[in-house]
Amino acid sequence: MEISESVIVRSSRLKSVVWNDFDRVKKGDTCVAICRHCKKKLSGSSTSGTSHLRNHLIRCRRRSNHDVAQLFASREKKKEGAVTLSNYTFDEDQRKDEVLNVVNIKFEQDQVKDGISNIGNNVIDQKRSRFDLARMIILHGYPLTMVEHLGFKIFVKNLQPLFDLVSLNGVEADCMEIYEKEKQKMYEVLDKLSGKISLGADMWNASGDVQYLCLTSQYIDESWELQKKILNFVIMDPSHTEDMLSEVIMTCLMDWDIDRKLFSMSLDCCSTNDNIMCRIRDRLSQNRFLLCDGQLFDIRCAANLVNMMVQDALEALSEVTCKIRESIRYVKSSQAVQEKFNEMAQQARVEGQKFLCLDNPLRWNLTYFMLEAALEYKDAFSLLQEHDSAYTMCPSDTEWERAGAIAGYLKLFIEVTHVFSGSKYPTANIYFPEICDIHLQLIDLCNSSDILISTLALKMKSKFDEYWKKCSLALAVAAILDPRFKMKLVEYYYSKIYGSNATVHIDDISVSIKALFNEHAICSPLASLDQGLAWQVGGSGRLSAGNYSRDRLLGFDKFLHETSQSQSVKSDLDKYLEEPLFPRNVDFSILNWWKVHTPKYPILSMMARNVLGIPMSKVALDSAFNMEGRVLDHDRSSLSPATVQALVCAQDWMRNELEDSKSFSSHSTLPLCVDTSQQVNAISGSRWGGYMVLGLKA
């Protein structure tokens with residue numbers, strides 16, 4: 001039946017609204033309903049009803065797109081600067097080689113109000129969609145300017161024409177609003193936390209001479225999960241002094257109202273940080289917020305100590321390293337030299353399994369890998385110098401020996417660094433044996449017959465001794481709170497380190513851990529009556545204004561507790577130390593052990609929560625071997641300081657949403673800092689594993 005020979009029926013009996021989208025065509029005794037959108041023919045007989053017509057409209061894609069275009073066109077006339085869709089199509093199947101024409105059709109005003117757009121069953125919440133976009137930018141570290149990119153605008157409009165595109169200022173405001181809401185949540189979490197909080201501070205570099213101070217809290221929550229949250233990311237004046245830095249830190253602590261909860265603070269191993277620590281500790285001690293007069297307050301980053309000693313080692317070996325680097329570059333300079341070197345390796349019967357590779361000087365672990373591989377082929381390099389007059393940079397036998405000695409120490413540093421940064425949030429108990437091993441190695445190196453090696457060892461040991469003086473107590477206490485070791489591990493290592501004087505140092509540790517336990521017992525709301533603790537101070541150890549006058553007798557309460565202990569009543573600490581060691585197991589979780597044993601050791605478990613949460617190292621694995629500091633990326637550096645802080649902190653707080661998602665991967669979040677080592681790519685070759693692999697195995 002041809003439509004041209006048919007008659008379009010105009011009848012007042014067609015009451016259903018479905019006929020607004022169909023033409024009823026009659027020829028003879030037959031009626032056909034023709035869709036005005038896709039021209040499909042369906043039965044138009046009065047006996048067929050309209051259900052099949054309604055079902056068709058639901059499935060008709062051209063009708064759906066057409067209605068969306070109509071609403072969008074009407075809204076576009078009311079807005080300036082919006083994207084014009086006259087050059088884009090919503091559906092490639094809509095028409096071949098034809099673009100969608102935006103048609104002017106009237107829409108009722110109640111279809112678009114309160115930020116919600118509605119066409120039939122299509123509803124879009126504008127505010128929620130804007131916040132979804134802002135959260136995506138925060139979570140994944142995307143630049144805010146992406147909302148101004150033409151490709152992004154086209155994508156969004158083709159995906160959902162009803163969405164009002166957001167300006168740069170608009171998305172920035174949305175990110176700030178999300179930050180304020182997340183900050184309030186974070187504040188409530190810290191406020192309800194019953195245990196103590198430790199703090200880590202780092203300096204980040206931005207474009208130019210701008211620096212940011214990053215303050216990160218670390219604590220063990222009520223579920224015995226180790227938490228690490230960035231609290232502040234504050235811009236610092238390039239000419240800031242120690243007074244200014246300590247004042248900024250104290251201001252941040254008081255803004256979060258955690259100055260009363262602070263247990264320890266971790267900074268880099270730098271002499272200028274000594275005065276900063278001293279000022280902050282004095283401020284906190286005035287209010288009696290620190291336990292044991294802050295003996296465990298001043299903590300220095302273990303990974304930073306390792307990096308400092310590595311720099312000393314590489315500096316002492318710089319000439320030899322340069323010769324090895326040039327030797328590898330020469331061997332890889334041509335195919336002929338490569339083949340000749342292979343012959344020398346066969347003559348020297350070298351059975352090397354490693355690839356000769358050039359390092360990246362900004363990542364010291366890659367320098368170690370270069371030295372390690374070159375040492376396997378040292379005899380081949382020596383033979384090559386004898387048979388190739390053009391090769392003149394081969395290290396001497398003495399230099400090879402020095403390289404081997406220092407490379408062995410670098411290997412220890414790499415193993416230790418992997419322990420420090422291997423897990424996401426390492427607890428404080430894992431550091432003691434690693435640091436003690438470094439201590440013992442330094443003692444051996446100081447006795448080396450090689451003047452260069454012994455001089456280097458003395459230089460590194462001076463830095464280590466400063467660290468050990470500040471952190472040895474915290475390291476030992478954390479190790480004692482590991483039920484697999486207790487006092488035995490301290491006794492084992494101290495006998496090796498101090499020899500005949502070990503007993504004195506072990507006794508000092510024993511006295512200190514008992515004093516720390518007693519202070520936890522006094523301030524603990526969990527203290528039992530049979531241990532002489534029938535009183536509590538404000539339920540949390542913090543005195544309110546109403547009972548401040550009683551603070552004068554705090555020393556008496558402590559004296560009474562310590563002197564009234566019955567010999568027949570043992571404390572949590574005594575019972576814990578007397579029980580057998582827990583078997584060492586690779587699957588052991590110290591936090592889970594203390595969670596299970598909290599009812600048995602109510603006071604000691606509180607102490608364990610505070611001590612094990614100390615950030616003995618602040619460096620993540622991705623930057624643990626980086627010789628340069630952390631650098632804020634270019635996109636973030638161009639934003640205002642308030643916006644930078646909002647994006648960095650909010651991303652950190654919201655990251656759990658990604659981690660809990662099944663689709664989360666290590667590539668889900670773009671880094672906010674730039675790995676400066678990636679900027680050194682001057683050497684030709686293929687990238688692999690962060691350094692340059694040059695050609696074939698020698």
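These are my notes on two helix pairs, one short helix and one buried methionine in a predicted model.

**Entry 1: α8 and α13**

I started with helix α8 (residues 302-316) and helix α13 (residues 397-421), whose axes lie 10 Å apart and make an angle of about 165 degrees. Since angles over 145 degrees count as roughly antiparallel, I put α8 down as roughly antiparallel to α13. I also looked up the handedness: α8 and α13 cross in a left-handed sense.

Next I listed who touches whom. From α8 I have A302, A303, V306, M309, V310, A313 and L314, and they meet I406, L410, F413, T417 and F420 of α13. By residue class, the contact of α8 with α13 has 11 nonpolar residues, 1 polar and no charged.

**Entry 2: α15 and α17**

How do the axes of α15 and α17 cross? For helix α15 (residues 451-480) and helix α17 (residues 502-523) I got a crossing at roughly 75 degrees, with the axes coming within 10 Å. That angle makes α15 roughly perpendicular to α17.

On the α15 side I noted L473, A476, V477 and I480; they meet I509, S512, I513 and L516 of α17. I sorted the residues of this α15–α17 contact too, and they come out as 7 nonpolar, 1 polar and no charged.

**Entry 3: the sides of α1**

Which residues of helix α1 (residues 51-59) are buried? I found L53, H56 and L57. They span an arc of only 100 degrees around the axis, so they sit on the same side of α1. I jotted down the textbook reason as well: an α-helix has 3.6 residues a turn, so residues three or four places apart point the same way. On the other side of α1, I found S51, I58 and R59 exposed.

**Entry 4: M616**

Last, I went to M616, which is in the loop between α21 (602-612) and β14 (630-632). Is M616 buried or exposed? Its relative accessible area is 0%, and buried means under 20%, so I logged M616 as buried.

Then I checked what surrounds M616. Leaving out residues up to four places away in sequence, M616 touches I299, R300, C301, A302, A428, Y431, Y467, C471, A474 and L475. I picked out I299 for a distance check: I299 and M616 are 317 residues apart along the chain, yet their C-alpha atoms are separated by 6.8 Å. I also cross-referenced A302 to Entry 1, where A302 is one of the α8 residues in the contact with α13.

Key. Residues are numbered from 1 along each chain as its sequence is written. This is a predicted model: local features need pLDDT of at least 70, side-chain atom pairs count only at pLDDT 80 or more; totals for chains, interfaces and linings use all residues. Side-chain values use heavy atoms; hydrogens and water are left out. Axes are lines fitted to C-alpha atoms, for helices over the stretch in contact, and angles run from 0 to 180 degrees between N-to-C directions. Helices (H or I, at least four residues) and strands (E, at least two) are DSSP runs, numbered from the N terminus. Angles under 35 degrees count as roughly parallel, over 145 as roughly antiparallel, 65 to 115 as roughly perpendicular and the rest as oblique. Contact means heavy atoms within 4.5 Å. Ala, Val, Leu, Ile, Met, Phe, Trp, Tyr, Cys and Pro count as nonpolar, Asp, Glu, Lys and Arg as charged, and the others, Gly among them, as polar. Buried means under 20% relative accessible area, exposed over 50%, partly exposed in between (1.4 Å probe, protein chains only). The arc is that of the directions from the helix axis to the C-beta atoms. A crossing is left-handed if the near helix is turned anticlockwise from the far one by less than a right angle, and right-handed if clockwise.
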